[in-house]
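Me: I'd like to learn how to read confidence and chain-to-chain contacts in a model like this one. Can you walk me through it?

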Amino acid sequence: MKSHVWRPLYVVIAIVIGILLFRAFYVPSDFGAQERGYTFGYHRLSNEQEWKDYPAKYKGNDYCNECHDDKIEELESAHHATIPCENCHGAAFDHPDNPEKLAIDRSRELCIRCHSELIMPSSDRNDIPGIDPAEHNKGEECSECHNPHNPSLEDM
Amino acid sequence: MVEQVAQMIVHGEAWTVKDLFVLPNEYVYWSIQIVMYPYMTGLVAGAFVLSSLYHVFGVEKLKAIARYALVFSFALLPVAMMPLMLHLSQPFRGINVLMTPHFTSAISAFGIVFMTYACIVAVEIWFVYRKFIVESIHRLGKIQSRNFLEKILLPLYKVISLGSMDISDKALQADHKAVKIMAGIGIPVACFLHGYAGFIFGSVKANALWMTPLMPVIFICSAVVSGIALCIVSYYIFMEMRKWAAKRGKSWLLPDAMAHGNATMRVEELRSVQEHEVKISSKYLIIFMTLAITLEMLDMIFRGYTAVKSWDALRMVIYEHDFMKIFVYQYGIGNFLPFLMLLWPGLTTRRAVIASVLVLFGVFMMRWNVVIGGQAFSLTFAGFMEYQLPIIPHNFETFKEGLGGMLAVIVTPFIIFYFLNMIFPAFMSDDELH
Amino acid sequence: MKRRNFLKSTAVFVAGASVSVSALDFIDPKEILAANPELRWGFLVDTHKCVGCGFCVKACKIENDIPFEANVTRTWVERYVIKKDGDVVMDCPKGARDGYTTKLID
């Protein structure tokens, strides 16, 4: 084993050990295979907090309910009960700190996402009152006649 | 303005043209750099196989080109990784594939196979050049006032020699045996390095054009073909340059002359070596070409004959969208024309070189048709996408994934080779090396 | 695993589109997980309930910082119309980011 022939082998072994050492520092100890075998996945115990701290942009109706409980009550008693606030009011982010006021989308384009009439059986879309946006009060905002929180004209 | 922002952010939108029903997040994501990746690894593997023909199988006639191919293969090695780095939108995350290999994914083998192969080539070069290194240390050590290059080379050689200064006959015999063993191990590893590039494509279940177990074998054969062809072409060009330099007495331009001061060879000698090596290599080129063409045709015929569900979309791509690229450029100009040129009696050096250039082009088109052609149809099989190579870059992304990036990848190995030649002169006469 | 077994063994299923927010309240994921440690969660969407408003695509883009104007989405909704003669027409304008608002097929 004293022959010079083995010297490159020692170098290679040294390189491999170097890489493994670097890996030990670089890769978090709980990275990778957990109880589910080889599936790496995103979940790591040590960075759960990291993800918890990651701010979500959409906060959900409960968040809105903390201050605007009157509006939620009004909404939940009407046809639009299933629609989350943030669909029209925009994602909450850090409202009311940032942004102080949410930009409400009152455009026709928003309403016709659901209320444009399509001829397609098999979807519940047909149970929703539909209009032809090219014919129905062209150029006017829907909210001029319909209250978005309680859209039925009879209740107005 | 909006369009510009979109082009900057969405990888692929700048060069993808959609036709019929294509899903909204489908683009030709794998662009020219992913064409270059198997092409470059193929060249690495092919060049190594050519050098092994001499080292392992003892084809004495290939002696001169074998040493050149070995050093050139080493110069190509770092470039095999370059296209991947240029392709990544987040190149700094590239290290994760090496550090946290996920063994249910084929690319995890990359780091391991690549490192193994790099070590084998480096060790083989070390054994081939050990005598030269030791002699250079003695020679440079004797020089009283060293110039800039010699000042760098002497410590470099001392490090590379790993302190083994023994160049007795017995030691050299051991070197010789070691070279043979390393080259022997190197062939399967080189094939693995490239076979796995084919494996990555062949194992993509979702892509009908790639999904075939033949893919790694096809890749290996075309890799050897392209590697040999590149060695022939570049060997010819380098020898032409040396002849030119020798005729005009400008040999000081050559890297080994700059470093070692003894690259002057006679023009006739250069010409005879050049002619001899090119012709012999082209014989081996034909053998591997036959194999490669057979396999590719087999794959094509098999797909047409079995005609599984995806064949409808594939046929559209193969016979209509990419007809020119596949049948004219790849098979016509890239395979059959050089095949005839090489088989035609009275082969001249120049004809062999032109045929090799065509072969290189053909293999490139094969990679193109696999990588780009495989993305030509939408996964819905109801729409098509076309890749338009960005020629004039208007931002960094269109540069690195366009013609500019492609040329950068092509040029880099030659630059590396130039400097590598100062350390390991690939063209030195046999008296200096064994 | 057969679908029947899958449904049986999981016991609880959150049907994304069909369960309203208030109904989700009496399912506490932590309690259920503690009682059934082997539990694996699934996500079911009743496509019949989907009206094609495209709010999910819009919300996904905003939540995940996907460029809004660029024609790329992490999630999208496709529309298939099977005609009487058997022709299938499909479209997906902007990944359905703005919903399906016309009868026209792209």
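Reply: Sure. This is a predicted model, so begin with confidence, since pLDDT is the predictor's confidence in each residue. Among the elements of chain C, helix α4 (residues 55-63) has the highest mean pLDDT, 88, while helix α1 (residues 3-10) has the lowest, 44. Residues 1-23 of chain C have pLDDT below 50, and beyond near neighbours in sequence that stretch makes 25 contacts in the model.

Me: What is the mean pLDDT of chain C?

Reply: The mean is 72, and 72% of the residues of chain C reach 70 or more.

Me: How do I read the area buried between chain C and chain A?

Reply: The size of an interface is often given as the accessible area lost when the parts come together. Here it's about 2,100 Å², with carbon and sulfur atoms giving 52%. On the chain C side, V51(C), F55(C) and E63(C) lose the most area to chain A, together 30% of what that side buries.

Me: How many salt bridges are there between chain C and chain A?

Reply: The count is 2. D98(C) and R113(A) meet in a salt bridge, at 3.8 Å from N to O. As for which elements of chain C take part, α4(C) gives the largest share of the side touching chain A, with 5 residues.

Me: And R125(A): what does a buried arginine do for a partner?

Reply: R125(A) has no salt bridge; E117(A), the nearest side chain of opposite charge, is 9.3 Å away. Instead, the R125(A) side chain reaches the backbone oxygen of R113(A) at 3.1 Å. R125(A) also touches residues of chain C, including V51(C), G52(C) and Y100(C).

Conventions. Residues are numbered from 1 along each chain as its sequence is written. Chains are lettered from A and ligands numbered from 1 in the order in which they are written. This is a predicted model: local features need pLDDT of at least 70, side-chain atom pairs count only at pLDDT 80 or more; totals for chains, interfaces and linings use all residues. Side-chain values use heavy atoms; hydrogens and water are left out. Buried means under 20% relative accessible area, exposed over 50%, partly exposed in between (1.4 Å probe, protein chains only). Lys and Arg count as positive and Asp and Glu as negative; His and the chain ends are not counted. A salt bridge is a side-chain nitrogen of Lys or Arg within 4 Å of a carboxyl oxygen of Asp or Glu. A polar contact is a pair of N or O atoms within 3.5 Å; within protein, one must be able to donate a hydrogen and the other to accept it, and residues adjacent in sequence count only if both atoms are side-chain atoms. Contact means heavy atoms within 4.5 Å. pLDDT is the predictor's confidence in each residue, from 0 to 100. Helices (H or I, at least four residues) and strands (E, at least two) are DSSP runs, numbered from the N terminus. Buried area is the accessible area (1.4 Å probe) that two parts lose on being put together, summed over both. Lists of a residue's contacts leave out its neighbours within four places in sequence.
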